[in-house]
Structure formats: C-alpha cells, structure tokens
Amino acid sequence: MAPKWRELADRLAEQIRNGEYAPGAQLPQIRDLVEAGEGSKSTVHAAYKALEAEGLVTSSRGHGTVVRERAPLKRLGIARYDKAKWRDGDEVAFIADRVASGRTYKRNEQTQTVSRVPAPAVVAQAHGLQEGAEVYARARMVKEGSQPTHTLTSYYRPEHVEGTRIVDPTPGPAGRGGGFRVLYDAGYEIDHMQETLFARIPTADEVQLLQLAPGEWVVELHRTTYTADSTVVEFAIGVHAATRFAWTYDFKVPDSAKAEGESK
C-alpha cells in the first residue's frame with residue numbers, strides 16, 4: 001500500500017493532467033488541505049515536493065505551489081539542422097526549436113564565452129587529438145526570457161575557426177546563420193553528425209545555473225559534426241533541463257538489406 005503522501009500526490013497529479021488545475025493555477029495552501037482532512041502538514045508537504053520533483057509544479061516563497069505554465073519546448077531532431085535554415089536563412093538551431101514550438105525568441109537569449117583551453121579527454125577523443133591539445137571552447141547559455149533552458153559548449157580545432165566569428169564572444173549566434181554558416185564559409189560544410197543523449201542527476205552548479213527544481217534531472221547531449229570527408233569540425237556537449245524539452249525525430253526508416261542488395 002502506498003504511503004498517504006504518495007496517494008495525495010497521485011490524485012493531485014491526475015487533477016493537473018486533466019485540467020482541474022490549469023497551467024499557472026495555484027494549488028491549495030498546505031494548511032487548507034490539512035484542514036480538509038488530506039493528511040498532516042508533513043504529508044501534504046511531501047506530496048507537493050513529489051509533484052515538484054516530477055516537474056508538474058514549481059514552488060517559491062510568496063507564490064506558493066503553482067502548476068507549470070508551459071508545455072516543453074520542441075527539441076527538433078534532424079530538422080533543426082536543415083541547411084536551408086542556417087545556410088540560406090538565419091534560423092540557427094535554438095531558434096528553430098522556438099519556431100517549431102510557436103514561441104518567441106530574441107537572438108541575445110543566447111550568451112557565450114569563448115576561450116582557448118586544453119582539450120578534456122572526451123573532446124580530444126572526438127577530434128582525434130592528444131589529450132591536453134589546445135582547442136577553442138565556445139560555451140553558451142540559452143534562456144527563454146529569464147529562464148535558462150540549456151547550456152551548450154562547442155569545441156573546435158583552432159585551425160578551423162581562428163579569426164572567425166565563432167571566437168567572437170558577442171551575445172547571440174555567430175552572425176547570420178550561426179556557427180555552421182561560419183564553418184561553411186570557411187570551407188568546412190557540415191555533412192553528417194552523430195548525437196548521443198543520456199539523462200543524469202545534475203551537479204550542484206548545474207542546479208543553480210539552470211534554476212532546476214528539486215529532484216529535476218538533466219539530459220546531456222554529445223554532438224559530433226563532420227564534413228563529407230569525415231573531418232570533425234565541432235564536438236559539442238549540451239546540458240538540458242529535462243522537463244523543459246521534448247525531443248522529436250522525423251526520419252525515413254532505413255532498410256539496410258535493400259541498400260545492400262542495390263549495391264551489388
């Protein structure tokens with residue numbers, strides 16, 4: 001049998017999901033639920049903490065416990081890297097996500113720092129370098145309004161980006177079309193990439209940086225970007241607040257047996 005706080009949390013979660021408590025609505029004060037016979041103060045408090053950990057509500061001093069306002073941002077998969085978006089237009093990846101989600105954006109909602117650093121082991125391996133070899137690290141913080149959504153740090157070989165807009169720390173994308181357009185103009189047109197996603201518990205610094213709710217996890221992204229001859233031109237590590245995104249992938253289903261037969 002589930003503890004009483006869990007039963008209360010499940011009942012409130014169902015009310016949130018079916019719309020009885022709309023986005024932005026405030027849940028009853030703890031004392032009101034205690035007086036209504038829903039349990040002790042510690043029981044109701046535990047239920048609210050569980051809802052917060054599950055990403056359904058946020059709690060703050062002076063505002064109480066409030067149902068989260070917005071659906072997660074659509075994090076486009078393959079489509080966010082469409083060359084027509086950044087080569088022929090100015091829709092860099094984070095902007096493509098906002099457009100797909102019907103959300104507004106400002107270019108300066110992406111801030112960044114650029115530095116030349118010794119390559120950590122995972123970066124050196126991706127670029128085929130010795131650990132400790134110098135690379136450029138372009139670290140971005142992306143916000144939606146005042147709320148951080150994710151961080152993304154791209155690592156480049158100096159010979160690929162030295163003197164380009166990629167190493168300019170001005171807030172916002174690296175000029176029209178962003179970093180991929182800079183690489184394209186420098187003769188390094190991106191052709192294919194590999195992405196790895198995994199969920200994990202955030203570090204204390206990430207909790208503060210991303211303003212995470214208690215118990216909220218992050219999704220870490222590793223992206224390796226190649227030219228047609230398989231030269232690695234970018235290796236990126238992103239850390240995303242797990243409840244603020246929903247990943248969407250749209251692709252043609254492969255048939256390796258058919259492809260093998262056609263190649264004979």
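This is a short walk through the structure, stop by stop, with something to select at each one. The model is predicted, so treat every value below as computed from it.

**Stop 1: the whole chain**

Start with the full protein chain in cartoon view. You should find 10 helices and 10 strands. Along its principal axes, the C-alpha trace spans about 70 × 50 × 35 Å. If you colour the 264 residues by burial, 41% of them come out as buried.

Now switch on a surface. The protein chain exposes about 14,200 Å², and carbon and sulfur atoms supply 52% of that area. For the contacts, take those between residues at least 6 apart in sequence: 62% of them join residues at least 24 apart.

**Stop 2: the charges**

Next, select the charged side chains. The chain carries 34 positive and 36 negative charges, and the mean positions of these two sets are 3 Å apart. Side chains of opposite charge can pair when their charged atoms come close. How many salt bridges are there in this model? The count comes to 12. The next stops visit some of them.

**Stop 3: Arg11 and Glu38**

Select Arg11 and Glu38 and show their side chains. They form a salt bridge, with the closest N and O atoms 2.4 Å apart. Arg11 sits in helix H1 (residues 4-17), while Glu38 is in the loop between helix H2 (30-35) and helix H3 (41-53), so this pair ties together parts that are 27 residues apart in sequence. Are the two partners buried, partly exposed or exposed? Arg11 is partly exposed at 39% relative accessibility, and Glu38 is partly exposed too, at 23%.

**Stop 4: two more pairs**

Move on to Arg200 and Glu206. Their salt bridge has its closest N and O atoms 2.8 Å apart. Arg200 is buried, with a relative accessible area of 18%; under 20% counts as buried. Glu206 is buried as well, at 14%.

Then select Arg157 and Glu159, whose side chains meet in a salt bridge at 3.5 Å, N to O. Here Arg157 is partly exposed, with a relative accessible area of 21%, whereas Glu159 counts as exposed at 52%.

**Stop 5: strand S5 and its neighbours**

Select residues 134-144, which make up strand S5. Why can S5 be called largely enclosed by the rest of the structure? Because 8 of its 11 residues are buried.

Add strand S4 (residues 110-118) to the selection. S4 and S5 run antiparallel and are joined by 9 bridges. To see one matched position, pick Arg116: its bridge partner in S5 is Tyr136.

Now bring in strand S6 (residues 147-156), which pairs with S5 in the antiparallel sense over 9 bridges. Which residue in S6 stands opposite Arg140? Select Leu152 and you will have that partner on screen.

Finish this stop at the turn. The hairpin of S5 and S6 has 2 residues between the strands. One residue to click on there is Gly145, which takes a positive phi near 70°.

**Stop 6: a charged network**

For the last selection, keep Arg116 in view and add Glu134 and Glu162. Arg116, Glu134 and Glu162 are linked in a network of salt bridges. You have already met Arg116 as the residue whose bridge partner in S5 is Tyr136, and Glu134 falls within the S5 range of residues 134-144.

Key: Residues numbered from 1 in each chain as written. Predicted model: local features only at pLDDT ≥ 70, side-chain atom pairs only at ≥ 80, totals over all residues. Heavy atoms only, no water. Helix = DSSP H or I, 4+ residues; strand = E, 2+ residues; numbered from the N terminus. Buried < 20%, exposed > 50% of the residue type's maximum accessible area, 1.4 Å probe, protein only. Contact = heavy atoms within 4.5 Å. Areas by Shrake-Rupley, 256 points an atom, 1.4 Å probe, with all protein chains shown as cover. Lys, Arg positive; Asp, Glu negative; His and termini not counted. Charge placed at Lys NZ, Arg CZ, Asp CG, Glu CD. Salt bridge = Lys/Arg side-chain N within 4 Å of Asp/Glu carboxyl O. Pairing = 2+ DSSP bridges.
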